[in-house]
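Hi there,

As promised, I am passing the structure on to you. Have a look at it below, and then read on for what turned up.

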Amino acid sequence: MTNTKILVFAATGNIGRHLVTFLRETGHAVRAVTRGPGTASLPADVEIVPGDLADLSTLDACLAGIDAVFLLWPLRAGERFPAVLDLIAARARRIVFLGTGGVPDLPFEEQDRLVHDCGIESTVLRPSTFAVNTLWWADQIRAGDVVRGAYGALPMSLIHEADMAAVAARALTGPGHDGATYTLTGPEVLTQAEQVRVIGEVLGRPLRWAELSRDQARQRLLADETFPDSFVDVLLDGYAAMLAGPPPVLTSTVEEVTGVPPRSLRQWVADHLDDFR
Ligand SMILES: NC(=O)c1ccc[n+]([C@@H]2O[C@H](COP(=O)([O-])OP(=O)(O)OC[C@H]3O[C@@H](n4cnc5c(N)ncnc54)[C@H](OP(=O)(O)O)[C@@H]3O)[C@@H](O)[C@H]2O)c1
C-alpha cells in the first residue's frame with residue numbers, strides 16, 4: 001500500500017508508540033487515537049484524534065479518510081468487538097489486529113474468525129508474553145534483590161514491543177500478509193525465575209526469585225494499586241494453564257516478516273534501564 005493513511009489505536013501504548021515511529025520513518029501518514037489527546041505526548045506532526053473503543057459514536061471521525069487500521073482490544077469484554085470491526089471494514093481497506101488473551105468472552109479463535117471474515121484485507125498478530133510485563137516486578141526490584149511471585153518455573157518466550165510494532169508496520173504497509181495469523185515470539189524461552197536473573201545481570205545486581213503460593217501472589221497483586229484487580233485471576237489462571245500445557249514453541253515469524261531477528265530479554269532490559277531505577 002503506497003500513500004496510505006494509517007489509523008493507530010492505542011497509539012500511546014507500548015506497541016503503539018513504536019508503531020507510530022516506524023510508520024513515520026517509512027513516510028506514511030499516521031492518525032493516532034487516544035482517549036486523552038491533551039496528554040498523549042506524541043510527536044508534534046502526528047495527527048491525534050480523540051477516540052474510545054467503548055464508545056462507538058467516537059469512531060466515525062477517527063476512521064474518515066483512513067486506508068489501514070492497527071487495532072488492539074484493551075477492553076475486558078468483547079461484546080463491542082464485531083461492531084467495531086464493521087465500522088472499520090466500512091471505511092478502511094486493511095486491518096492488522098493484535099490478538100488478546102485477556103478477554104474471557106472473546107477467545108483467540110473467535111478473534112481470528114471475526115477479523116479474517118470482516119471483508120477487508122486482514123492480518124492477526126498473536127504475540128507471546130510481553131517483555132514489558134516484567135515491569136510488574138519493578139517496585140520489588142527497586143526495593144531489594146528479591147522478586148516474589150507464583151509460578152517461578154513457568155517458561156515463557158518474552159517479546160519486545162518494538163518487534164511486534166515492526167511486524168505490524170510491515171503488515172499495514174506491505175504486500176503478502178492478507179489472511180495471515182502470525183504467532184510472534186521472542187528468541188528464547190526463560191522461566192520467570194530465569195527472567196529475574198537476566199534482569200539482575202543487565203542491571204548489575206544479584207536478583208533472585210522467591211516462590212509464593214498462588215494465594216499469596218494473588219493477595220500481593222490485589223494489594224498492588226498499579227495492577228488492575230480485574231486482571232489478577234485472569235493472569236494467574238493463564239499462568240496455571242500455561243504451566244499445565246506444552247512448553248512454548250519459538251517461531252521465526254518476526255525475522256521472516258521484518259528481516260531482523262527478535263530482540264532478546266537482555267536487549268529489552270537495556271532499553272528499559274530507567275524503568276527499574
Ligand atoms: N501483556 C501481555 O503479555 C500480552 C500478551 C498478548 C496480548 N496482549 C494484549 O496486548 C494489548 C496491549 O496491552 P498493553 O498492556 O501493552 O497495553 P498498551 O497498549 O500499552 O496500553 C493500552 C492502550 O490502549 C489504549 N486504550 C485503553 N482503553 C481504550 C479505549 N477504551 N479506547 C481506545 N483506546 C484505549 C490506551 O490509550 P489511551 O489511554 O491513550 O486512550 C493505551 O494506548 C492488550 O489487548 C493485551 O491483552 C498482552
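A polar backbone atom of Leu53 sits 2.8 Å from a nitrogen atom of the ligand. Please keep in mind that this is a predicted model. Oxygen atoms of the ligand have partners too: one is 2.5 Å from a side-chain N or O atom of Thr34, and a backbone N or O atom of Asn14 lies 2.7 Å from an oxygen atom of the ligand. How much of the ligand does the protein bury? On its own the ligand exposes 910 Å², and 78% of that is buried by the protein.

You may like to colour the surroundings of the ligand next. There are 22 residues around the ligand, and those that come nearest are Thr12, Thr34, Arg35, Asp52 and Thr100. Sorted by class, this shell holds 10 nonpolar residues, 10 polar ones and 2 charged ones.

Now for the chain as a whole. The protein chain is divided into two parts: domain 1 covers 5-127, while domain 2 is made up of 129-159 + 186-248 + 263-277. Where does the ligand lie with respect to domain 1 and domain 2? Both domains give residues to the shell around the ligand, so the ligand lies between them.

The two domains also meet each other directly. Taken over C-alpha atoms, the centres of domain 1 and domain 2 are 28 Å apart. Domain 1 brings 7 residues to the contact and domain 2 brings 8. The size of an interface is often given as the accessible area lost when the parts come together. For domain 1 and domain 2 the buried area is about 540 Å², with 71% of it on carbon and sulfur atoms. On the side of domain 1, the residues that lose the most area to domain 2 are Asn14, Arg76 and Pro127, which together make up 66% of what that side buries. Asn14 is thus worth a second look, as its backbone also has an N or O atom 2.7 Å from a ligand oxygen.

What kinds of residues does domain 1 use to touch domain 2? That side divides into 3 nonpolar, 3 polar and 1 charged. Between the domains, the search found 0 salt bridges and 0 residue pairs in polar contact, counting pairs with both residues at pLDDT 80 or more.

Enjoy exploring, and write back with any questions.

Best wishes

Definitions and conventions. Residues numbered from 1 in each chain as written. Predicted model: local features only at pLDDT ≥ 70, side-chain atom pairs only at ≥ 80, totals over all residues. Heavy atoms only, no water. Near = heavy atom within 4 Å. Polar contact = N/O pair within 3.5 Å; in protein donor to acceptor, adjacent residues only side chain to side chain. Areas by Shrake-Rupley, 256 points an atom, 1.4 Å probe, with all protein chains shown as cover. Nonpolar A, V, L, I, M, F, W, Y, C, P; charged D, E, K, R; others polar. Domains from an automatic or database assignment. Contact = heavy atoms within 4.5 Å. Buried area = accessible area lost by both parts, 1.4 Å probe. Salt bridge = Lys/Arg side-chain N within 4 Å of Asp/Glu carboxyl O.
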